[in-house]
Amino acid sequence: MKKVTKEVIEESASKIMIKLSDDEVSHLVDEFEIIVHHMEKISELPGVDDVEPMTFPFEVYNSYLREDDASLSTSRDELLKNACEVKDGQIILPRVIKK
Amino acid sequence: MNYLSKSIKEFHELILKGEVTPLELVESAIKLAKNDTNNAFEYIAEKEALEQVKNLDEKNKNNLFYGIPVVIKDNFSTKDIPTTGSSNMLNGYVPIFSSEVVLRLEKEGAIIIGKTTLDELAMGGSGTNGHKGATYNPWDKTHTHIIGGSSCGSAAAISAGIVPFAIGSDTGDSVRKPASNAALVGFKPTWGRISRFGLFSFATSLDHVAYFSRNVFDSAIALNVLAGRDDKDASSSFKEVEDYTKDLNKDIKGKRIAVINQVLSSVKNPKIVEVFNKTVDELRAREATVEYIDMDYNLLKSILPTYIIISSSEATSNDAYLDGIKFGDRQEGNTFEEIMTNTRTKSFGSLIKRRLLVGSFSLLKENTNELFLRAQKCRRLIVNAFNEVFEKYDAIYCPAVADVAPLISDISHNILNEEFLLADDYLAFANMGGYPSITLPIGFDKGLPFGANLTSKPFSESILLNIANKLEEITGLKDLVAMEK
């Protein structure tokens, strides 16, 4: 496992497009150490690595296929209603390829 | 009329008798909401509610929710009504559709009078982390104690007597903990029992629709309205919906109930233990078999860190769509990446950023085995252990908290502390296993309420509500309201 350092915190932040202040980074170093410590205790639980990871509360088996109906649809205008800047049915963003 | 402590059923009867009209009820509720001093509201939907009352169809007046004012936690989409999740990220966002629970309530004739505050995007348990600041506990007139979260505003609105019913969401204990702090019934049915369509996802494998009511009967009738398959939510269950009121008054003779010693012994407040044990005596007097059982303490202590790792990791993925591009409070930038980064940096509160970072850290390639996957494996051990208990018992019964609502000044702003009390942080086991779980009031200490929790196996809501109803009869604590206006 990666050691908890300022650099690792910043790497984790950049992956989710968040910038942190120095104070936030130093707070997180402390918090991560506590979390890692708790997880080390969990690694000592008997049998913890002998079971499959659980991704949902219980197994649900469905064996049906729905009809291929377009039952839910929304107009483009509605979808764009909350966007900041819109032109010709498109959201305006800075140019990707500069002139 | 002064209707502060009335239940849904009582309102319904008054409406049928013509002693009050839906318009009068809704106008009173809106007036109270406008005078709210607990920071319960993100938005008071006055115009929309009055319009809804006008459009009520009298042929539906036999529906129990007909004309009943309700509030909705602000992480449920409401068409044409602003929905922020108490996050600056979504300031100004107006959904173009309504969540399924909102549609079902409206179909029954319920009137949505407002959207309520929460810990930002439902992350946090104190009710102090929303973009509008702390929400206060109506039982504490000094505004120094928390009501708890994340469904803080919904709890405050019903507890202060503004409405008799409030929708919340529960990913770890976000309805069942504030219910204890506010003398309310807080109910989280089985995972999949109620559609989550339109609920902002926090941690998909743990998120549940949940709600507050003033008594167990109201909780049962609400489930009758809200339960059932919804094709818009692939995780909603096909399992048949029952009439959840039908077994409420059955006697509980022979019902088997387990109390977990390790939870009980970590309760800090001796008054809670004393009152709780008296309720056990009363359950036994009604010929229920109540046994104090042991579970692995280390496994129980792993519930909170396991919850933190799984929920934060899922949130990291679920909240990736909050980028300021399609909607939300967009910040300036020279490229679209800069816009996204600047928006997420400025608009997320500190706790959210740190939680998302925990998720990102847990999902780093080098860490995933020892953090995310191990937490998922630990979840299976936890659920296996509780499933074993449910093979022998109809329900687990324990205090819902270690103490009454703490002071706001004593709240830790850490995601996880080195030490914590099991009784304060065990309820997430019911989210991990998807179990139906209900908290209801059992007593007061120095004017502040405390509750106990009952949990049972998936889709056993009728049994759970039956035992809860008997417990309510034992305590006599129902239809409680914190203050007269």
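## A walk through a two-chain model

Let's start with a small detail: Glu473(B) and Lys470(B) form a salt bridge, with their closest N and O atoms 3.5 Å apart. Keep in mind as you look that this is a predicted model. Both residues belong to helix 16 of chain B, which covers residues 461-475, and they sit three residues apart, about one turn of the helix. That spacing fits a general point about helices: an α-helix has 3.6 residues a turn, so residues three or four places apart point the same way. The two partners aren't equally covered, though. Glu473(B) is partly exposed, at 44% relative accessibility, while Lys470(B) counts as buried, at 11%. Lys470(B) gets that label because buried means under 20% relative accessible area.

Chain B has other salt bridges to look at. Find Lys59(B) and you'll see it paired with Asp57(B), the closest N and O atoms being 2.8 Å apart. Here Lys59(B) is exposed, with a relative accessible area of 68%, and Asp57(B) is partly exposed at 33%. Then there's Glu282(B), which forms a salt bridge with Arg286(B) at 3.1 Å between the closest N and O atoms. In this pair Glu282(B) is partly exposed at 36% relative accessibility, and Arg286(B) is partly exposed too, at 32%. Over all chains, a search of the whole structure turns up 32 salt bridges.

Now for the inside. The largest nonpolar core has 182 residues, and those with the most contacts inside it are Ile113(B), Phe165(B), Phe386(B), Tyr397(B) and Leu454(B). Helix 14 of chain B, residues 369-392, gives the most to this core, with ten residues. As a general background, nonpolar side chains in soluble globular proteins tend to be buried together. To get a feel for the packing, zoom in on Leu454(B). Leaving aside residues up to four places away in sequence, Leu454(B) touches a whole list of neighbours, including Ala395(B), Ile396(B), Tyr397(B), Pro436(B), Ile438(B), Leu464(B) and Leu471(B).

Helix 4 of chain B, residues 100-108, is another good place to see packing. Its buried residues are Glu100(B), Val101(B), Val102(B), Arg104(B) and Leu105(B). What do the buried residues of helix 4 of chain B pack against? They rest against strand 2 (69-73), strand 3 (111-116), strand 4 (165-170), strand 6 (208-213) and helix 7 (216-226) of chain B. Right after helix 4 comes Gly109(B), which has a positive phi, near 105 degrees.

Next, step back and look at where the chains meet. On the chain B side, 72 residues are in contact with 58 residues of chain A. Interface size is often given as the accessible area lost when the parts come together. By that yardstick, chain B and chain A bury about 5700 Å² between them, with 68% of it on carbon and sulfur atoms. How many salt bridges are there between chain B and chain A? The count is eight. You can pick out one where the side chains of Glu366(B) and Lys2(A) meet, at 3.6 Å from N to O. Polar contacts between chain B and chain A come to 18 residue pairs. Several helices of chain B each supply at least two residues of the side that touches chain A, among them helix 11 (303-318), helix 12 (336-347) and helix 13 (350-362). Helix 14 of chain B gives the most to that side, with twelve residues. Sorted by type, the residues on this side of chain B divide into 31 nonpolar, 24 polar and 17 charged. Elsewhere you can find Glu78(A), Lys81(A), Lys79(B) and Asp80(B) linked in a network of salt bridges.

To finish, a few backbone oddities. The peptide bond from Gly149(B) to Ser150(B) is cis, with omega near 15 degrees, and Ser150(B) lies in the loop between strand 3 and helix 5 (152-159) of chain B. Met17(A) isn't a glycine, yet it has a positive phi of about 55 degrees. You'll find Met17(A) in the loop between helix 1 (6-15) and helix 2 (22-43) of chain A, where it is partly exposed at 23%. Lys446(B) also has a positive phi, near 50 degrees, without being a glycine. The loop between strand 10 (437-445) and strand 11 (448-455) of chain B holds Lys446(B), which is exposed at 76% relative accessibility.

Note on methods: Residues numbered from 1 in each chain as written. Chains lettered and ligands numbered in written order. Predicted model: local features only at pLDDT ≥ 70, side-chain atom pairs only at ≥ 80, totals over all residues. Heavy atoms only, no water. Core = buried A, V, L, I, M, F, W, Y, C linked by side-chain atoms within 4.5 Å. Buried < 20%, exposed > 50% of the residue type's maximum accessible area, 1.4 Å probe, protein only. Helix = DSSP H or I, 4+ residues; strand = E, 2+ residues; numbered from the N terminus. Contact = heavy atoms within 4.5 Å. Buried area = accessible area lost by both parts, 1.4 Å probe. Salt bridge = Lys/Arg side-chain N within 4 Å of Asp/Glu carboxyl O. Polar contact = N/O pair within 3.5 Å; in protein donor to acceptor, adjacent residues only side chain to side chain. Nonpolar A, V, L, I, M, F, W, Y, C, P; charged D, E, K, R; others polar.
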